[in-house]
Amino acid sequence: MRTPRTDPPGAAPARPGRPRSAAADTAILEATRAALVEQGWSKLSLSDVAARAGVARTTLYRRWPGKSELVVDAVAVLFDELELPDRGSLAADIEGVVHQFAGILQRPEAKTALMAVIAESTRDGALRDRIRASIVDRQKRLVLEGRARAQARGELPATAGTQEDGTDDLVFDVIAGAVVHRALVSGEPVTAAWVNRFTALLLGGLGAAAGRVTAP
């Protein structure tokens, strides 16, 4: 598992002087997720989070200016745990990361926090931008790693997909959208059989896209 970040994504930069405490950051983010599960978005307060984490309110306010920023970072560190496994083929790699993603979404703190910030972001443009920067853009690294690895294996042509043509963004949207919908919207289990069918469908689309890129 990836070593936890010492500086949560998007958190306010530390002020000169007293160094930031990684332990305090971790305690605050864990307390935020626990409070969300118990109380929901509307009742969540920074004062309560500080008390749960065992830190002074000033400690929390120095790090996060408001509830939205705090909750996004509490979610983001969970998805930082995602890694693209090297299982020998692009199909197996995709299946591995999809299973990881679905596993995180099944955790009550991840499910509650993610649904809360998504709902709130529909009426808060700044929050939507923060979600994009702290969660979406950060996790697109998995698509870039997967494409580069598949090209090195010869599974995809060197010309297949670039950040400039939008293919990487589309692949990320398809994977994230399908898994989130399956796990959180329809509430259906993300089984091995479903992951296998989904991966086959995704790879069929990638093959078609690669054919268009390489065609004369």
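Helix α8 is covered at its buried residues by parts of the chain that include α4 (67–79), α5 (90–105), α7 (125–139) and α9 (167–185). In this predicted model, the residues of α8 that count as buried are R141, L142, V143, G146, R147 and A150. The 13 residues of α8 should span 18 Å at 1.5 Å a residue, and because the C-alpha atoms at its ends are 18 Å apart, the expected and computed lengths agree. Just after α8, G154 adopts a positive phi of about 85°.

Within α8, which runs over residues 141–153, lies L144, and this residue is partly exposed because its relative accessible area is 30%, a value that falls between the 20% limit for buried and the 50% limit for exposed. The C-alpha atom of L144 is separated by 9.5 Å from that of F172, a residue 28 positions away along the chain.

R141, one of the buried residues of α8, is also touched by F79, whose other contacts beyond four places in sequence are F101, I104, L105, L114, I135 and Q139. F79 is, together with V98 and L105, among the residues with the most contacts inside the largest nonpolar core, which has 59 residues. In soluble globular proteins, nonpolar side chains tend to be buried together.

Elsewhere in the chain, R63 belongs to helix α3, which covers residues 57–63. R63 counts as buried because its relative accessibility is 7%, under the 20% limit, and its side chain is joined to that of D25 by a polar contact of 2.5 Å. The two residues for which an accessibility is given are set side by side below.

| Residue | Helix | Relative accessibility | Class |
|---|---|---|---|
| R63 | α3 (residues 57–63) | 7% | buried |
| L144 | α8 (residues 141–153) | 30% | partly exposed |

Turning to the chain as a whole, the protein has ten helices and zero strands, so that, by the DSSP-run assignment of helices and strands, the pattern read along the sequence is α-α-α-α-α-α-α-α-α-α. Of its 216 residues, 43% count as buried, while the accessible surface comes to about 10,900 Å², with 56% of that area belonging to carbon and sulfur atoms. Where contacts join residues at least 6 apart in sequence, 65% of them link residues that are at least 24 apart.

Note on methods. Residues are numbered from 1 along each chain as its sequence is written. This is a predicted model: local features need pLDDT of at least 70, side-chain atom pairs count only at pLDDT 80 or more; totals for chains, interfaces and linings use all residues. Side-chain values use heavy atoms; hydrogens and water are left out. Helices (H or I, at least four residues) and strands (E, at least two) are DSSP runs, numbered from the N terminus. Buried means under 20% relative accessible area, exposed over 50%, partly exposed in between (1.4 Å probe, protein chains only). A polar contact is a pair of N or O atoms within 3.5 Å; within protein, one must be able to donate a hydrogen and the other to accept it, and residues adjacent in sequence count only if both atoms are side-chain atoms. A nonpolar core is a set of buried Ala, Val, Leu, Ile, Met, Phe, Trp, Tyr and Cys residues joined through side-chain atoms within 4.5 Å. Contact means heavy atoms within 4.5 Å. Accessible areas come from the Shrake-Rupley method with a 1.4 Å probe; for residues, only the protein chains shown count as cover. The expected span of a helix is 1.5 Å times one less than its number of residues.
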